[in-house]
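Trainee: I am new to this structure and would love a close look at one part of it. Could you walk me through it slowly?

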Amino acid sequence: MTETTASPALTHHADTVLRTLHIVTWGCQMNAYDSLRMADVLRPIGYREVATDDADMVIFNTCHIRERAADKLFSALGRLRAVKEARGGRMMIAVAGCVAQAEGAEILRRAPYVDLVVGSQAYHKLPELIAAVEAKRASVIDTDFPAEQKFDFLPEAQSGQGAIANIAIQEGCDKFCTFCVVPYTRGAEQSRPTAAIIAEAKRLVAHGAREIALLGQNVNAWHGEGLDGRDWSLARLLDALAEIPEIGRLRYTTSHPRDMGADLIAAYRHNEKLMPFLHLPVQSGSDTILAAMNRRHTAAQFRRIIDDLRSARPDIAFSSDFIIGFPGETDADFAATMALVRETGFALAYSFTYSRRPGTPAADAAAQIAPEVAHARLLELQEVLREQQHAFNRAQVGRRFEVLFTGPGRHPGQTAGRSPYLQPVVVADAGVAPGTIMPVTITAANPNSLMGTIKQEQIAA
Ligand code: SAM
Ligand code: SF4
């Protein structure tokens, strides 16, 4: 839907050539990637990014996955309204991302000083939407899911992202878990063409990337025509990317257990650039709840995938997502989740109480769980998950593995990087160039980071 509504508050300047842009990003890595692409789309028409919201254009790139996302947006909009007024109205405010897609005109009703509401499939149209706002002196909404693919229309990424870079290769979801808004806010599953992915990887490498993370709401559902004309799966794409010599490390996120094909598991045996760390959301350890969630796999199937991955790559570690207090969750269901967590052992996890999302099937389920019950269960789960994370970090002390250095540490004289398991690693040597991959001996573990040492002759080399 593209529509306009009168916006008397709008007095955006049309005559300035160079304009400042501030993008506030909430939510997943896909949103962070989309924000980079929005900046790429706007740079040719004169927008340069600044760090403060006292800017000619402010974009909120929003997340709708849990309830408080919309509240967070409206309170941030309220604060920005004062900044816009202090600038005599000379600010364009845009709302992008999943809240824009889901709420559309409701955003303009509650915050009429917003100039532009742009859904996640329309970022390539930003220049024309901005021109429409300026020409009509009215607010504009574009939340279309166009027939053409967003991937085909976004310009090539212009900027580098540093030593660790993300590439969106898949978007949308056809799986319709009963709790989730993504199929409604991001549309149907789309895979980005192989050649475009490889070209973007080469550009990022030319800008200093050594680690590439492939992104998608269901990244392991990616498939497409390969460079050899055959149908490729994610495993084959990862093999092709591994052939780019400058790429030292590969990752992908977020995967669905149902799409962990045998070839992707096997890739952990032969693809040495594939990092031994996988984010694989399970949500619950109870088959009853998994069925009610429409996850279409059982707890036993999840355990088998974990076992197969561990056989393929014995040093692999896992992170996961959990939803606690899903409608109908009994003490026994929750106990099944706790059992799965204790048995599997996670290096990292994201856990939340179930958030009722209007329009999703589970929102209407009769057996909603009392918030205090869900909260108590969540605390119990998080205690175990936290202990597992700390134990995992402590187990790294004394190990020696390669760290990808990304830049200075928080304190003078330090350089920071990432372990194969994505843990931040800090060394007391200032001379390591970003992009260097070098063995580090881990000397100490904090709850969220590791300390290590490198030999001086390695730095000289
Ligand atoms: N596609 C991925 C998968 O199926 O595993 C997950 C993508 S989703 C954007 C990220 C996480 O948000 C989910 O794994 C789930 O744990 C959480 N989430 C989604 N909807 C939720 C809801 N209504 N309440 C609480 N957590 C939710
Ligand atoms: Fe949401 Fe399920 Fe799709 Fe993941 S697979 S994005 S949780 S609907």
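Which residues in helix 1 meet which residues in helix 5?

Mentor: Happy to help, and please keep in mind that this is a predicted model. On the helix 1 side you will find M38, V41 and L42, and they meet L126, P127 and I130 of helix 5. Sorted by class, this contact has 6 nonpolar residues, with no polar and no charged ones.

Now for how the two helices sit against each other. Two packed helices are described by the angle between their axes and by the distance between those axes. Helix 1 covers residues 29-42 and helix 5 covers residues 126-136; they pack at an angle of about 65 degrees, and their axes are 9 Å apart. Angles of 65 to 115 degrees count as roughly perpendicular, and helix 1 and helix 5 are therefore roughly perpendicular to each other.

While you have the model open, take a look at the second largest pocket too. Its volume is about 640 Å³. The lining of this pocket is made of 23 residues, and E67, R68, T353, Y354 and S355 are the ones that lie nearest its centre. Helix 2 (68-86), strand 17 (348-353) and helix 14 (371-395) each give the lining at least two residues. By class, the lining of the second largest pocket has 11 nonpolar, 6 polar and 6 charged residues. So you can set this mix beside the helix contact, where the count was 6 nonpolar, no polar and no charged residues.

Technical notes: Residues numbered from 1 in each chain as written. Chains lettered and ligands numbered in written order. Predicted model: local features only at pLDDT ≥ 70, side-chain atom pairs only at ≥ 80, totals over all residues. Heavy atoms only, no water. Axes fitted to C-alpha atoms, helices over the stretch in contact; angles between N-to-C directions. Helix = DSSP H or I, 4+ residues; strand = E, 2+ residues; numbered from the N terminus. Parallel < 35°, antiparallel > 145°, perpendicular 65-115°, else oblique. Contact = heavy atoms within 4.5 Å. Nonpolar A, V, L, I, M, F, W, Y, C, P; charged D, E, K, R; others polar. 1 Å grid on protein atoms, 1.4 Å probe; cavity = no way out; pocket = protein on both sides within 12 Å on 5 of 7 lines; lining within 4 Å. Points joined across faces, edges and corners; volume = space filled by probe spheres on them.
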